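Trainee: Got a minute to go through this one with me? I'd like to talk about helix packing, then crosslinks.

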Amino acid sequence: MQSRVKFGSFLRGIGLGSAALFAVSAAAQAPAGQTVITAARYVDVLTGKTVEYPAIFVGADGRITNIADARVIKWGSDVKHINLGDKTLVPGLIDMHVHLDGPADIGGYRGLEFTDSFWGMTAVKNARDMLEAGFTTVRNVGSGDRNDIGLKQAIDAGYAVGPRIVPAGYALGATGGHCDSTFLPPSLEKKDGKEEGIGDNPEELRYQVRRQRKYGAEVIKVCATGGVFSRNTEPGQLQVPESELRAIADEARQWGLRVAAHAHGGAGIRAAIAAGIDTIEHASLVDDEGIRMAVARKQPVWFAMDIFNTEYTQAEGAKNGVLEDNLRKDREIAQIQRDNFRKAHRAGVRMVFASDAGVMAHGQVGGQFRVMVEYGMTPLQAIQAATKNAAEALGREKDVGAIAVGRYADIVAVDGDPLADVRQLESVDAVVKGGVLVKGE
């Protein structure tokens with residue numbers, strides 16, 4: 001069967017009609033013991049085309065073994081059939097910037113009401129919410145107590161339900177910077193040394209890269225600038241200079257890891273790009289030189305711009321306990337960030353989907369697709385940012401990011417056509433992870 005289906009793909013490639021393809025594949029038989037997923041159509045994000053009547057076969061390892069024409073191929077009763085009817089399929093979505101152990105409805109000093117282990121417990125629900133929203137892979141860029149690593153292990157072992165997690169463990173940063181603890185007085189701070197992840201010279205930060213990897217991190221996160229939701233920092237402040245960012249990037253690359261840099265301000269963005277950082281988080285105040293550097297760099301660099309969550313934070317933040325100073329910073333950069341998203345995209349900067357879930361509710365992040373289209377992307381480009389592009393930025397394009405042979409059968413189904421109305425992705429109808437239906441009938 002495999003050779004016949006591959007030949008059918010060849011016929012399509014050279015322009016022969018569907019009748020020739022059907023003649024080749026009509027006699028094909030599906031292997032026993034597999035799962036087959038059918039629907040009216042799927043979006044091939046690698047080509048930008050829509051393919052009708054797919055029959056997507058999945059092996060026992062959860063990976064796609066073949067994609068055939070459901071109108072002509074046959075399979076036996078021992079092949080499990082997930083029939084998604086007249087729906088449109090897209091690859092499982094990828095969010096490149098989440099905080100699973102950060103409930104959006106608890107802000108500011110309200111967090112002191114809860115014990116340390118509370119945050120890891122909330123991550124279980126937040127992970128399931130993201131999976132049911134269609135995000136079958138997430139990159140968790142910083143957590144307390146390595147909650148993201150523990151949750152990943154629990155999901156992989158079958159003790160919890162959630163997406164594939166690429167964890168960072170503790171985020172790296174400078175003393176007093178955005179990724180340090182800045183809400184408590186000295187009397188309540190750690191007495192026996194720096195907080196986990198904090199370093200103030202290249203060697204200290206190299207050590208932190210090694211330490212996070214040792215305990216399960218699969219990506220390194222560093223806060224290069226100040227931030228919105230920290231205290232006593234401003235988004236534009238450069239907090240980790242290029243020499244230290246370069247040490248982090250070099251050390252991570254030696255261990256086969258990629259690096260994400262939180263960078264709102266122009267100086268921090270430029271320093272991170274020059275240092276070889278792989279993804280620039282937020283990129284709110286990027287200037288023309290930063291955009292030029294991002295486009296020109298031979299080693300790909302990706303912008304991960306969260307341009308939706310301010311709608312939630314401004315509407316709900318005060319009620320949730322977020323301090324007015326944090327809301328002030330959020331207001332000041334929100335529109336600038338959106339305008340710069342449009343500018344960077346027009347200039348050809350590589351872009352990935354990033355919501356900063358935890359700042360906003362995890363189950364609502366699909367709403368960002370609408371804003372990405374409002375600020376310059378086509379629906380296909382917005383979907384590719386959350387599939388094809390994100391998989392490339394992760395270095396996991398052999399595993400996720402497309403409905404393609406060899407990749408995991410991570411699939412989302414919607415009623416309408418997301419290429420005509422990207423808001424279809426705000427509320428998905430079915431989710432398949434690794435060939436298993438986890439949401440929908």
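Trainee: How are α9 and α10 oriented to each other, parallel or antiparallel?
Mentor: Keep in mind that this is a predicted model. The axes of α9 (residues 310–320) and α10 (residues 324–347) cross at roughly 165°, and over 145 counts as roughly antiparallel, so that is what the two helices are. Their axes come within 10 Å.

Trainee: And the handedness of the crossing of α9 and α10, left or right?
Mentor: Left-handed.

Trainee: Which residues make the contact?
Mentor: From α9 you have Thr310, Glu311, Thr313, Gln314, Gly317 and Ala318. On the α10 side, Leu327, Asp330, Arg331, Ala334 and Arg338 take part.

Trainee: How do the residues of that contact divide into nonpolar, polar and charged?
Mentor: For α9 with α10 the split is 3 nonpolar, 4 polar and 4 charged.

Trainee: OK, switching topic. How many disulfides does a search of the whole structure find?
Mentor: Just 1. Cys179 is joined to Cys223, with an S to S distance of 1.8 Å.

Trainee: Where do Cys179 and Cys223 lie?
Mentor: Cys179 is in the loop between β10 (164–167) and α5 (202–214), while Cys223 belongs to strand β11 (residues 219–223). The bond therefore ties together parts that are 44 residues apart in sequence.

Trainee: What about Cys223, buried or exposed?
Mentor: Buried, because its relative accessible area is 1%.

Trainee: And how does Cys179 count?
Mentor: Cys179 has 21% relative accessibility, so it counts as partly exposed. The cut-off for buried is under 20%.

Note on methods. Residues are numbered from 1 along each chain as its sequence is written. This is a predicted model: local features need pLDDT of at least 70, side-chain atom pairs count only at pLDDT 80 or more; totals for chains, interfaces and linings use all residues. Side-chain values use heavy atoms; hydrogens and water are left out. Axes are lines fitted to C-alpha atoms, for helices over the stretch in contact, and angles run from 0 to 180 degrees between N-to-C directions. Helices (H or I, at least four residues) and strands (E, at least two) are DSSP runs, numbered from the N terminus. Angles under 35 degrees count as roughly parallel, over 145 as roughly antiparallel, 65 to 115 as roughly perpendicular and the rest as oblique. A crossing is left-handed if the near helix is turned anticlockwise from the far one by less than a right angle, and right-handed if clockwise. Contact means heavy atoms within 4.5 Å. Ala, Val, Leu, Ile, Met, Phe, Trp, Tyr, Cys and Pro count as nonpolar, Asp, Glu, Lys and Arg as charged, and the others, Gly among them, as polar. A disulfide is a pair of cysteine sulfur atoms within 2.5 Å. Buried means under 20% relative accessible area, exposed over 50%, partly exposed in between (1.4 Å probe, protein chains only).
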